[in-house]
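Me: I would like a close look at a single part of this structure. Please start from one residue and work outward from there, giving the values as you go.

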Amino acid sequence: SDLLGGANPPMHNLTSHCSCDKLLLSSLGPAAIFQPKVMGIYTKSWTSYNQHPSYRENYGADYRLYQLPTSGWLVSYKRGANIGYVHNPDISQTCPYLIQSGWLYYNSVHGVWLHDTTLVLRCIQKTEE
């Protein structure tokens with residue numbers, strides 16, 4: 001019987017799963033010392049990148065947060081660049097704010113990527129529905 005009605009399931013769209021419009025990138029450790037300009041609020045961009053959401057730091061130095069398909073999430077000076085300042089190699093998460101740990105910062109003095117356990121990316125404003 002078709003009394004309850006029904007419909008096809010919604011199309012799978014990776015970017016729609018990320019219900020956060022604004023993210024806060026912050027550190028209480030060495031990342032804040034070596035990469036202070038990239039810390040701040042990132043707003044979800046109107047367009048995705050590599051079928052994942054991308055974000056832009058509108059209130060600071062205009063950095064971008066996006067996922068590179070083979071190396072993970074990166075904060076850089078422009079979307080798509082391979083050079084960055086904060087990185088997370090986790091490519092399993094569609095939404096970067098769901099990554100609980102493993103964020104790295106680039107230490108320009110020593111020329112290496114290092115862990116900072118206080119470096120976090122959090123959702124601070126969800127999409128209104």
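Reply: Start with Tyr66, which is buried because its relative accessible area is 0%, under the 20% cut-off. The model is a predicted one, and every value here is computed from it.

What does the ring of Tyr66 pair with? A search of the whole structure finds four aromatic pairs. One of them joins Tyr66 to Tyr49, with the ring centres 5.5 Å apart and 75 degrees between the planes, which is edge-to-face. The partners come from distant parts of the chain: Tyr66 belongs to strand β4 (residues 64-68), Tyr49 to the loop between β2 and β3, and 17 residues separate them in sequence. Tyr49 has a relative accessible area of 23% and so counts as partly exposed. The pair therefore brings together a buried ring residue, Tyr66, and a partly exposed one, Tyr49.

The loop that holds Tyr49 needs a closer look. This loop runs between β2 (40-44) and β3 (55-56), and Asn50 is found in it too. The phi of Asn50 is near 55 degrees, positive in a residue that is not a glycine. Gln51 also lies in the loop between β2 and β3, and Gln51, again not a glycine, has a positive phi of about 60 degrees. Most residues other than glycine have a negative phi, so such values deserve a note. Are Asn50 and Gln51 buried or exposed? Asn50 has 33% relative accessibility and so counts as partly exposed. Gln51, at 58%, counts as exposed, since the cut-off for that class is over 50%.

Next comes the packing of the chain. The largest nonpolar core has 21 residues. Those with the most contacts inside this core are Leu23, Leu25, Val38, Tyr42, Leu65, Val75 and Leu119. Strands β1 and β5 (72-76) each supply at least two core residues, and the largest share, three residues, comes from β1. In soluble globular proteins, nonpolar side chains tend to be buried together.

Leu23 shows how one core residue is surrounded. Beyond its neighbours within four places in sequence, Leu23 is in contact with several residues, among them Gly40, Ile41 and Tyr42. Its other contacts include Tyr55 and Leu65, as well as Pro96 and Tyr97. Leu121, Arg122, Cys123 and Ile124 are in contact with Leu23 too. Two of these partners, Tyr42 and Leu65, are themselves among the residues with the most contacts inside the core.

Cys123, a contact of Leu23, leads to the disulfides, of which a search of the whole structure finds two. Cys123 is joined to Cys20, sulfur to sulfur 2.1 Å. The torsion about the S-S bond of this pair is about 100 degrees, so the disulfide is right-handed. It links distant parts of the chain, with Cys20 in strand β1 and Cys123 in strand β9 (residues 120-126), 103 residues apart. The two ends fall into separate exposure classes: Cys20 is buried because its relative accessibility is 0%, while Cys123, at 27%, is partly exposed.

The other disulfide is formed by Cys18 and Cys95, with their sulfur atoms 2.0 Å apart. A torsion of -100 degrees about the S-S bond makes this link left-handed. Cys18 lies in the segment before β1 (20-26) and Cys95 in the loop between β6 (86-88) and β7 (104-107), so this bond ties together parts that are 77 residues apart in sequence. Here both ends are buried, Cys18 with 2% relative accessibility and Cys95 also with 2%. With the bonded cysteines numbered in sequence order, the pairing is 1-3, 2-4.

The chain as a whole gives the setting. It has one helix and nine strands, in the order β-α-β-β-β-β-β-β-β-β from the N terminus on. Of its 129 residues, 38% are buried. Among contacts between residues at least 6 apart in sequence, 40% join residues at least 24 apart. The chain exposes about 8000 Å², and carbon and sulfur atoms supply 55% of that area.

To return to the starting point, Tyr66 in β4 is a buried residue whose ring meets that of Tyr49 edge-to-face.

How values were computed
Residues numbered from 1 in each chain as written. Predicted model: local features only at pLDDT ≥ 70, side-chain atom pairs only at ≥ 80, totals over all residues. Heavy atoms only, no water. Helix = DSSP H or I, 4+ residues; strand = E, 2+ residues; numbered from the N terminus. Buried < 20%, exposed > 50% of the residue type's maximum accessible area, 1.4 Å probe, protein only. Contact = heavy atoms within 4.5 Å. Areas by Shrake-Rupley, 256 points an atom, 1.4 Å probe, with all protein chains shown as cover. Disulfide = S-S within 2.5 Å. Phe/Tyr/Trp six-rings, centres within 6.5 Å; stacked < 30°, edge-to-face > 60°. Core = buried A, V, L, I, M, F, W, Y, C linked by side-chain atoms within 4.5 Å.
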